[in-house]
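Colleague: I should like to learn how to read a structure of this kind, one feature at a time. Where may we begin?

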Amino acid sequence: MEYEALTLCEELKIDSIVTIHYFEFCSDYAYHGEKHPFWELLYVDKGEVEITAGPRKFNLKKGEIVFHKPDEFHSIKANGVVAPNLVIFSFYSQSAAMRFFEERVMTVGDTGRVLMGRIVNEAQAAFKTPLNDIETKRLERDPDAPFAAEQIVKLSLESLLIELVRQGPDAPQARPTSLIKGKSQQEFIDKVSKYLEANVDKRLTLSDICRDNLVGRSYLQKIFREKTGGGAMEYFGVLKVEAAKQMIREGSHNFTEIAALLSYNSIHYFSRHFKKVTGMTPSEYASSVKILTAKGRKKP
């Protein structure tokens, strides 16, 4: 008997990618709206936005995703209080399975968030086009991109969509399967992360973190390096910068006030740390989000 190859069935296929974005908007951001002949998904990573999708208007909260079908008019508006972070992917797909996403709003679980993070990370490596440029109409390949980066973007996006279809509109959020040890470590990281987020305005030391979470210093550092790539204090510093970026975009405090609210020793140390983490000074970051907001207000 001769071997016979099986052509694998592709229930859901991405034909081509149009744009990949990760935006950090101001709290007063508003986009007049548009429609186009391809699919678009929008995920709220932080904050909340008001969405117009055809005749519908609704609020989209952190952790939720909405799909705009081809030729559906859609617009975005921040709520004027919280500065939102948004993930937006647009793409062509002729698969019949895409009908599942029409007029669909869903909550994204752990697996979906990991896949979106991988898409964004691979896109940053695959394309020269900045992911925060709202005027992007075409992705430009990076000749120095890692091997198969574009293919990982495609496969990760297809995996995300398949995961959401399998999840269904009313399915409870299933926790990813893992070994007991890995699950225990992730729960530990989640617990300490929530503690750090709740105390981001404090001047914590490594000893404070260990004492308040009943954990030894060596174990804390080991697990954080395995899960995040850096130590607990480095992670805490990134959280402080993320909180500072949020305040800058919301425009309710000046840089000196932000430094004090986040317990930095001085405005100068705050500025140096902010630039170390983001590659920009606080002033440069504020200017960049103002430019982005101004672009969004232009009518297409």
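Modeller: Let us begin with a term: contact means heavy atoms within 4.5 Å. Please keep in mind that this is a predicted model. Leaving out residues up to four places away in sequence, Thr281 touches Phe274 and Lys275.

Colleague: Where does Thr281 lie?

Modeller: Thr281 belongs to the loop between helix H8 (267–278) and helix H9 (282–297). Between the C-alpha atoms of Thr281 and Phe270 there are 9.4 Å in space, and the two are 11 residues apart in sequence.

Colleague: Is Thr281 buried, partly exposed or exposed?

Modeller: Buried means under 20% relative accessible area, exposed means over 50%, and partly exposed is in between. Thr281 has a relative accessibility of 24%, and therefore counts as partly exposed.

Colleague: Which residue would illustrate the buried class?

Modeller: Consider Ser75, whose place is in strand E7 (residues 74–78). Its relative accessible area is 12%, so Ser75 is buried. Beyond residues up to four places away in sequence, Ser75 touches Tyr31, His32 and Gly33, and also Glu50, Ile51 and Thr52.

Colleague: How should one read the length of a helix?

Modeller: One compares its span with the span expected at 1.5 Å a residue. Helix H1 (residues 110–126) has 17 residues and reaches 24 Å from its first C-alpha to its last, close to the expected 24 Å. H6, with 19 residues, reaches 27 Å between its first and last C-alpha, close to the 27 Å expected. Just after H6, Gly251 takes a positive phi of about 70°.

Colleague: Which residues of H1 are buried, and what do the buried residues pack against?

Modeller: A general idea helps here. An α-helix has 3.6 residues a turn, so residues three or four places apart point the same way. In H1, the buried residues are Gly112, Leu115, Met116, Ile119, Val120, Glu122, Ala123 and Ala126. The buried residues of H1 pack against three strands, E1 (16–24), E3 (39–46) and E8 (85–92), and against helix H2 (149–167).

Colleague: What can be said of individual side chains in H6?

Modeller: Two residues serve as examples. Tyr235 is found in helix H6 and, with a relative accessible area of 23%, is partly exposed. Its side chain makes a polar contact with the side chain of Ser193 at 3.4 Å. Apart from neighbours within four places in sequence, Tyr235 is in contact with Ser193, Leu196, Glu197, Phe224 and Thr228. Tyr235 and Leu196 are 39 residues apart in sequence, yet 8.8 Å apart in space from C-alpha to C-alpha.

Colleague: And the second example?

Modeller: Gln246 is also found in H6 (residues 232–250). Gln246 has a relative accessible area of 15% and is therefore buried. The side chain of Gln246 reaches the backbone oxygen of Ala83 at 2.8 Å. With residues up to four places away in sequence left out, Gln246 touches Lys46, Val82 and Ala83.

Colleague: At roughly what angle do the axes of helix H4 and helix H5 cross?

Modeller: The axes of H4 (residues 206–213) and H5 (residues 217–228) come within 10 Å and cross at roughly 100°. Angles of 65 to 115 degrees count as roughly perpendicular, and H4 and H5 are therefore roughly perpendicular to each other.

Colleague: Which residues meet there?

Modeller: Leu206, Ser207, Ile209 and Cys210 in H4 meet Arg217, Leu220 and Gln221 in H5. By class, this contact of H4 with H5 has four nonpolar, two polar and one charged residues.

Technical notes. Residues numbered from 1 in each chain as written. Predicted model: local features only at pLDDT ≥ 70, side-chain atom pairs only at ≥ 80, totals over all residues. Heavy atoms only, no water. Helix = DSSP H or I, 4+ residues; strand = E, 2+ residues; numbered from the N terminus. Buried < 20%, exposed > 50% of the residue type's maximum accessible area, 1.4 Å probe, protein only. Polar contact = N/O pair within 3.5 Å; in protein donor to acceptor, adjacent residues only side chain to side chain. Axes fitted to C-alpha atoms, helices over the stretch in contact; angles between N-to-C directions. Parallel < 35°, antiparallel > 145°, perpendicular 65-115°, else oblique. Nonpolar A, V, L, I, M, F, W, Y, C, P; charged D, E, K, R; others polar.
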